[in-house]
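Trainee: I would like a close look at one part of this model, and I would be glad if you could take it slowly and explain each term as it comes up.

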Amino acid sequence: MKKFPFIIFAITLLSATFISCLEVESNWNDYADWRNANLAWLEEMSLKTNPDGTPYYKKVSPSWYPNAHVYMHYFNDTTLTRDNLSPLYTSTVDAKYIGYLYDGTPFDSSYLNTSPADSILRLSLAGVIPGWTVALSFMHVGDSCEVLIPYEYAYGNTGDRKIKPYSALRFIMKLVDIPGYEVQP
């Protein structure tokens, strides 16, 4: 009789796992064209070069999450900002951004915000999609850049509200400040 609750729990867990797998497989098939278009766009963009032949985007991957990566192109001279603070995983930052889907459709923008300041979004690095965490960890206060995030480090195979599953994302973003710079012991 003592095993009965365990058996019920195990059956419930297996059922939930099975249903979740069916949803992922369904998404995989339902969004095949969208996924393939996103992957092709990201591949094309990652190969983009400057007029001198150097890569336009730099693929960055943090040591603390070596499998994650984003592609970044800085608009500013980073030698002028390299001595500025760079956020930690525990930091709270102020950023400005506009987010686009691969096809150029805008889906979100801090420019609609009025608090804590005009067009600023205050956020914790630990509370955003992995691609944002990676990108912000490679920025210093004052940096502006374009960031391309593979779907795996955005909203994955499930999507989110206006964002379809398997969406690669493009952000134009600026790290304005780090009001919550916390160093953990």
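Which residue lies over the face of Trp34, and at what distance from the ring centre?

Mentor: The residue is Lys164, which lies over the face of Trp34 at 4.4 Å from the ring centre (a charge sits over a ring if NZ of Lys or CZ of Arg is within 6 Å of the ring centre and within 35 degrees of the ring normal). Before we go further, keep in mind that this is a predicted model, in which local features need pLDDT of at least 70 and side-chain atom pairs count only at pLDDT 80 or more, while totals for chains, interfaces and linings use all residues. Residues are numbered from 1 along each chain as its sequence is written, and side-chain values use heavy atoms, with hydrogens and water left out.

A similar arrangement is found at Tyr100, where Arg170 lies over the face of the ring, 4.8 Å from the ring centre.

Returning to Trp34, we can ask about its aromatic partner. The structure holds 12 aromatic pairs (rings of Phe, Tyr and Trp, the last by its six-membered ring, pair if their centres lie within 6.5 Å, and planes under 30 degrees apart count as stacked, over 60 as edge-to-face and the rest as tilted). In one of these pairs, the ring centres of Trp34 and Tyr102 are 5.1 Å apart and the planes meet at 70°, so this pair is edge-to-face. Trp34 belongs to helix α2, residues 32–46, whereas Tyr102 sits in the loop between β3 (92–101) and β4 (106–109), so the pair ties together parts that are 68 residues apart in sequence (helices, H or I with at least four residues, and strands, E with at least two, are DSSP runs numbered from the N terminus). The two partners are not equally covered: Trp34 is buried, because its relative accessible area is 13%, while Tyr102, at 23% relative accessibility, counts as partly exposed (buried means under 20% relative accessible area, exposed over 50% and partly exposed in between, with a 1.4 Å probe and protein chains only).

A second pair deserves the same careful reading. The rings of Tyr65 and Tyr153 have centres 6.0 Å apart and planes at 90°, so they too form an edge-to-face pair. This pair also links distant parts of the chain, since Tyr65 lies in the loop between β1 (58–60) and β2 (70–74), and Tyr153 in the loop between β6 (144–149) and β7 (169–180), 88 residues apart. Tyr65 counts as partly exposed, because its relative accessibility is 32%, whereas Tyr153, with a relative accessible area of 11%, is buried. These two tyrosines belong to a wider group, as ring pairs link Trp64, Tyr65, Tyr89 and Tyr153 into a cluster.

Finally, we can turn to a residue without an aromatic ring. Thr81 is found in the loop between β2 and β3, and at 8% relative accessibility this threonine counts as buried. Leaving aside residues up to four places away in sequence, Thr81 touches Asn76, His140, Val141, Gly142 and Asp143 (contact means heavy atoms within 4.5 Å).

To come back to your question, then, the face of Trp34 has Lys164 over it, while the ring of Trp34 also pairs edge-to-face with Tyr102.
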